[in-house]
Structures are given as C-alpha cells and as structure tokens.
Amino acid sequence: MSSLSVRVFYEALRSINSAAFTGAYQALGTPLGYNSFLMKMVNASNITVTVSIDGVTDHDICPAGSFYLYDEGSNASREGGLTVSKGTQVWVKGAAGVGNVYLVVQYAGG
C-alpha cells in the first residue's frame, strides 16, 4: 500500500426507535468519534423526521421510508478535505411512529 493510500472505516451504527419521539429533538446515538466524510440517514419509520446538528435549529428533513446521503468529502484525504467534525451530534425529532431511524458514518484512516 502506498503512503498516499486512505482506507474507509465505519463507526458503529447509530439508531433510534421512532416510538420514543415526542416532538422535541433527541440525540441519534453518540457524537461522531472521527471527522466524517460520508453520512447516510435511513428513515425506516412511518413518519417524517426533522434533522439538526445543534439540537435547536431545523437543518433538514428525512421523509418516512426514505434516506439521505451526505457525501461531504468524496475527494477527501487524511490531509484535508471537507468533513463533518469529530464531536458533532446528530439530532432528530418527529411525532411518535413505528420503525427505526439509522445513521451510518464513514471516515478516512490509514
């Protein structure tokens, strides 16, 4: 492997059951452990969820039965590139529903 090779690693899958939703923001798992270059949210529930990265501001929505894919750093390397910072917490809110919401996170390593 050359010194410029970068490997893809996955953080542990994060999930929350939509039955626990109250209409207020709730943390979707733990904060990011690494700078993320790709995040995928899968809404396998029957309700639309609102997404935030500060637990206050509405940043996005993920409709019921859909997913979103944020490819922040398709050309990122360990030395640089666009990422979501380590320590970022993803928050979700919605009405109580049926099914889970998942967050998949990838980061670069050597």
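**Starting from a buried serine**

Ser-18 counts as buried because its relative accessibility is 0%, and the cut-off for that label is under 20%. Keep in mind that you're looking at a predicted model. You'll find Ser-18 in the loop that runs between strand E2 (14–17) and strand E3 (26–27).

So what sits around it? If you leave aside the neighbours within four places in sequence, Ser-18 is in contact with Ser-45, Ile-47, Ala-95, Ala-96, Gly-97, Val-98, Gly-99 and Asn-100. One of these residues, Gly-99, also has its backbone oxygen 2.8 Å from a polar atom of the Ser-18 side chain.

Now step back to the whole protein chain. It has nine strands and zero helices, so reading from the N terminus you get β-β-β-β-β-β-β-β-β. Of its 110 residues, 35% count as buried. The accessible surface comes to about 6,000 Å², and carbon and sulfur atoms make up 56% of that. Take the contacts with a separation of 6 or more: 76% of them are between residues 24 or more positions apart.

Next, follow the strands. Four of them form an open sheet in the order E3-E8-E5-E6, with antiparallel pairing. E3 and strand E6 (60–62) are at the edges with a single partner strand each, so each has one side without a neighbour in the sheet. As background, strands in a sheet pair through backbone hydrogen bonds, in either a parallel or an antiparallel way.

Strand E5 (residues 49–52) is a handy one to trace. On one side of the story is E6, which runs antiparallel to E5 and is joined to it by three bridges. Among the partners, Thr-50 is matched with Ile-61 in E6, and Val-51 has Asp-60 in E6 as its bridge partner. E5 also pairs with strand E8 (residues 91–93), again in the antiparallel sense and over three bridges. Here the bridge partner of Val-51 is Val-92 in E8. As for side chains, which way do the residues of E5 point? Val-49 and Val-51 point one way, Thr-50 and Ser-52 point the other way, and all are buried.

Finally, have a look at the aromatic rings. The count of aromatic pairs comes to three. One of them is Phe-9 with Tyr-107, a stacked pair at 5.6 Å centre to centre with 20° between the planes. Phe-9 belongs to strand E1 (residues 7–10) and Tyr-107 to strand E9 (residues 100–109), so this pair ties together parts 98 residues apart in sequence. How accessible are the two? Phe-9 counts as partly exposed because its relative accessibility is 23%, whereas Tyr-107 is at 12% and therefore counts as buried.

Tyr-107 has another ring partner in Tyr-34: their centres are 3.9 Å apart and their planes are at 5°, so this pair is stacked too. It also links distant parts of the chain, with Tyr-34 in the loop between E3 and strand E4 (36–43) and Tyr-107 in strand E9, 73 residues apart. Tyr-34 has 42% relative accessibility, so it counts as partly exposed. Put the rings together and you have one aromatic cluster, made up of Phe-9, Tyr-34 and Tyr-107.

Technical notes
Residues are numbered from 1 along each chain as its sequence is written. This is a predicted model: local features need pLDDT of at least 70, side-chain atom pairs count only at pLDDT 80 or more; totals for chains, interfaces and linings use all residues. Side-chain values use heavy atoms; hydrogens and water are left out. Helices (H or I, at least four residues) and strands (E, at least two) are DSSP runs, numbered from the N terminus. Buried means under 20% relative accessible area, exposed over 50%, partly exposed in between (1.4 Å probe, protein chains only). A polar contact is a pair of N or O atoms within 3.5 Å; within protein, one must be able to donate a hydrogen and the other to accept it, and residues adjacent in sequence count only if both atoms are side-chain atoms. Contact means heavy atoms within 4.5 Å. Accessible areas come from the Shrake-Rupley method with a 1.4 Å probe; for residues, only the protein chains shown count as cover. Rings of Phe, Tyr and Trp (its six-membered ring) pair if their centres lie within 6.5 Å; planes under 30 degrees apart count as stacked, over 60 as edge-to-face and the rest as tilted. Two strands pair if DSSP finds at least two bridges between them.
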